[in-house]
Amino acid sequence: MDEIKTSQADAQHRVDQIHAFQQELVALDHAGVLALEPEQAARVESFHTQLLQEFSTIYDVDTNVQAKQLTVGMKIASLFGALAMAVSIFFLFYQFWGHLGTTIQVSILIAAPVSLFLLSLHLAQKEQSAYFSKITALVSLACFVLNLSMFGQIFNITPSPNAFAVWAAFSFLLAYACNARLLLVFGILSICSFIAMKVGTWSGMYWISFGERPENFFIPSVILFLLPQFIKHKHYSGFDVIYRVMAMLMVFLPILILSNWGQISYLKWTSEIIEGLYQFIGFALSAAAIWLGIRRNWGEVINTGNVFFILFLYTKLFDWWWDWMPKYVFFFVLGLTALLALLVFKRIRLSNLSTGGTP
Amino acid sequence: MKKYLIIGLVILLGTNLVVLGGVAYNRMGEATAHLTLTERELTLPYDAFKRRIQEFYLQLIGELRLPLTSPITRTTHRM
């Protein structure tokens, strides 16, 4: 499985490289810069055709634009299919539950996630693109969530945050086994919630109220952001991006909340000081994220930093001017700030081009 | 793939074992108290959506009524 995943990602990269090379060769030929000898051109073309056929049959990669568009459609269909199947299982359990005895209920609750897990692994091993295995894996996770929550209802078990740790472990396992980014998102959300709940419990709150202390999410977000630095995800497409974006959401959303509602902070200062502090941190961190993204060539970090910088700026402008400024002046000022941001980005882009930034 | 299979089964079956073990342990020995509820103490759920999806699995909500022997004092706790 690992072998296939490594090669599949590499094969798709190679196919894209071949297409770019062919287009550039045509452009160079038109410009009169470079023209291959007919014999050379035929040799290159036959080599590329053979390579593309090989990749297409062995690794199921997209060898043309139409195939790429269809793949996007298949990805969307598999996402909706997986979500719909998970919801269907949920309602199926509720519909016929009352007719079944406790032993049968327990057996179904245990057997459903186990059998679907085995099926998802079997499908992941069998098919190259793993669409069906991803759907099965998501339904298996939904069944496992139902398993524990229904046990809680049947046997009147005290609710516990530990369930989130187990769900996170299972989500991560399925995500890595089936190369599924959606399951990775579920895993990250579950583990972050678990850490926030545990830290909240140590500070004396009931675990269900973990959302009342947004600062509890800072620790998991730092761990998540640093994780791709230590664990390489060469075999898994887009996992690094998911880790970084989720980490940034986990740090910026709490800062955004605390910059408006300082009274829910752990800090013992007045609300105004706490809000001011978090507004400053929000601006500084989002600017730092943009800088880091440009430096490391992380597009997702730049975009997330941009979005939150604008959010922090507009919430601050709203605070200052919405009440006393005429609305047309307020929106005019917003437009001016957008123009200013454009000028700044243009300047950065030009300086990046002149220093010969990474292509 | 084999390591995924083993870890996954350990997570799924291990969790179920721990939960059911806890349930069995909790139900060992004699019950400390019995409470019989009748329709006087039970009402149908208010939520119409819940009623619809629980067509067969009827959830009843308990209502506790105590005689007013002393004035009720209400305290709120900040978590």
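**Figure 1. Contacts between chain B and chain A in the predicted model.** In this predicted model, 22 residues of chain B are in contact with 34 residues of chain A. The two chains bury about 2600 Å² between them, and 75% of this area lies on carbon and sulfur atoms. Between chain B and chain A, 4 residue pairs are in polar contact, both residues of each pair being at pLDDT 80 or more. The rule finds 0 salt bridges across the interface of chain B and chain A.

**Figure 2. The side of chain B that touches chain A.** At least two residues of this side come from each of helix 1 (2-26) and helix 2 (48-53) of chain B. Helix 1 of chain B gives the most, with 13 residues. By class, the residues on the side of chain B that touches chain A comprise 16 nonpolar, 4 polar and 2 charged.

**Figure 3. Confidence along chain A.** The average pLDDT of chain A is 85, and 95% of the residues score at least 70. Among the elements of chain A, the highest mean pLDDT, 94, belongs to helix 6 (residues 162-178). The lowest mean, 76, belongs to helix 1 (residues 2-31) of chain A. Over residues 1-5 of chain A, pLDDT stays under 50. For residues 1-5 of chain A, the model has 12 contacts beyond four places in sequence. Where pLDDT is low, the predicted coordinates should not be read in detail.

**Figure 4. Surroundings of His48(A) in helix 2 of chain A.** His48(A) is placed in helix 2 of chain A, which spans residues 38-59. His48(A) has a relative accessible area of 9% and is therefore classed as buried, the cut-off being under 20%. With neighbours within four places in sequence left aside, the contacts of His48(A) are Ile18(A), Phe21(A) and Gln22(A).

**Figure 5. Surroundings of Ser171(A) in helix 6 of chain A.** Ser171(A) lies in helix 6 of chain A, the element of that chain with the highest mean pLDDT. Because its relative accessible area is 1%, Ser171(A) counts as buried. A polar atom of the Ser171(A) side chain lies 2.7 Å from the backbone oxygen of Trp167(A). Leaving aside neighbours within four places in sequence, Ser171(A) is in contact with Leu141(A), Leu183(A), Phe186(A) and Gly187(A).

Technical notes:
Residues numbered from 1 in each chain as written. Chains lettered and ligands numbered in written order. Heavy atoms only, no water. Contact = heavy atoms within 4.5 Å. Buried area = accessible area lost by both parts, 1.4 Å probe. Salt bridge = Lys/Arg side-chain N within 4 Å of Asp/Glu carboxyl O. Polar contact = N/O pair within 3.5 Å; in protein donor to acceptor, adjacent residues only side chain to side chain. Helix = DSSP H or I, 4+ residues; strand = E, 2+ residues; numbered from the N terminus. Nonpolar A, V, L, I, M, F, W, Y, C, P; charged D, E, K, R; others polar. pLDDT = per-residue confidence, 0-100. Buried < 20%, exposed > 50% of the residue type's maximum accessible area, 1.4 Å probe, protein only.
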